[in-house]
Amino acid sequence: MSELVVLLLKLGFLAALWLFILFTGNVVRTDLFGRKLSPAELAASGAPVEHPAPTLTKRAERKLPRTLKVTHGSQAGTILPLGQPILIGRAQDCQLLLDDDYVSTRHARVFLGEGGYFVEDLDSTNGTFVNNQRIGVPTPLTPADILRIGRTLMVLEK
C-alpha cells in the first residue's frame with residue numbers, strides 16, 4: 001500500500017473515533033440534563049401543557065391548602081407555596097428537586113384544577129402514589145392525603 005492510502009486510512013479512523021466520542025458525550029449530556037423542547041415538540045410529545053389556573057370564588061380560595069410540605073425524605077421540612085404548578089423531579093428546572101434514585105427527571109406535577117389541587121404523574125418510571133395507591137391520571141389531592149414520590153412523603157397544609 002502506498003503511504004497516501006495509509007495516511008487516508010489513519011485520518012478516516014481518527015475522524016470516526018472523534019465522531020464516536022462526540023456522539024457518546026451528547027448522549028451522556030442529554031441523559032443528565034434532559035433535552036430542550038420547542039413549544040411545537042412539547043405539544044406533540046403529549047407532555048402536560050400549562051393551563052391557566054381556574055377562577056375560584058373568594059370562599060373557595062379560603063378553603064384551599066396554601067402549602068406543600070415535605071414530611072419525610074432528604075428534603076424533609078421543605079415548604080413550598082401553592083398557587084403556581086409545582087414540578088417535582090431531579091431536573092434543574094423543577095420547583096422541588098428530589099435527589100433520589102427512584103425519582104425521574106420530571107416525575108410529577110401538583111397543580112390547581114377545577115375544585116382543588118391535583119397531582120399528575122408525568123410518565124415516571126417508578127410511579128407517583130397517593131395514599132399508597134399508584135396513580136395514572138390527574139388525581140385530586142387534599143390535606144388528608146399523603147403524596148409519595150420515591151422515598152419522599154409530602155402533604156398539603158392550610
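**Exercise 1.** Which residue forms a salt bridge with E120?

*Solution.* The model is predicted. The partner of E120 is R109, with the closest N and O atoms 3.0 Å apart. Next, place both residues. E120 sits in strand β6 (residues 116-121) and R109 in strand β5, so the salt bridge ties together parts 11 residues apart in sequence. Then check burial. The cut-off for buried is under 20% relative accessible area. E120 has 16% and counts as buried. R109 has 6% and counts as buried.

**Exercise 2.** Place the salt bridge between D100 and R151 in the chain.

*Solution.* The N to O distance is 3.9 Å. D100 lies in the loop between β4 and β5, while R151 lies in the loop between β10 (147-149) and β11; the pair links distant parts of the chain, 51 residues apart. D100 is buried, at 7% relative accessibility.

**Exercise 3.** Describe the salt bridge of D93 and the exposure of its two residues.

*Solution.* D93 pairs with R106, and their closest N and O atoms are 3.1 Å apart. D93 is in the loop between β3 (86-89) and β4 (96-97), R106 in the loop between β4 and β5 (108-113), so parts 13 residues apart in sequence are tied together. D93, at 43% relative accessibility, is partly exposed. R106, at 33%, is partly exposed. The salt bridge count comes to 3.

**Exercise 4.** Find the edge strands of the open sheet of 6 strands.

*Solution.* Write the order: β2-β1-β11-β10-β7-β8, with antiparallel pairing. β2 (79-81) and β8 (133-134) each have a single partner strand, so they stand at the edges. Now look inside the order. β1 (residues 67-72) and β11 (residues 152-157) run antiparallel, joined by 5 bridges. H72 stands opposite L153 in β11.

Conventions: Residues are numbered from 1 along each chain as its sequence is written. This is a predicted model: local features need pLDDT of at least 70, side-chain atom pairs count only at pLDDT 80 or more; totals for chains, interfaces and linings use all residues. Side-chain values use heavy atoms; hydrogens and water are left out. Two strands pair if DSSP finds at least two bridges between them. Helices (H or I, at least four residues) and strands (E, at least two) are DSSP runs, numbered from the N terminus. A salt bridge is a side-chain nitrogen of Lys or Arg within 4 Å of a carboxyl oxygen of Asp or Glu. Buried means under 20% relative accessible area, exposed over 50%, partly exposed in between (1.4 Å probe, protein chains only).
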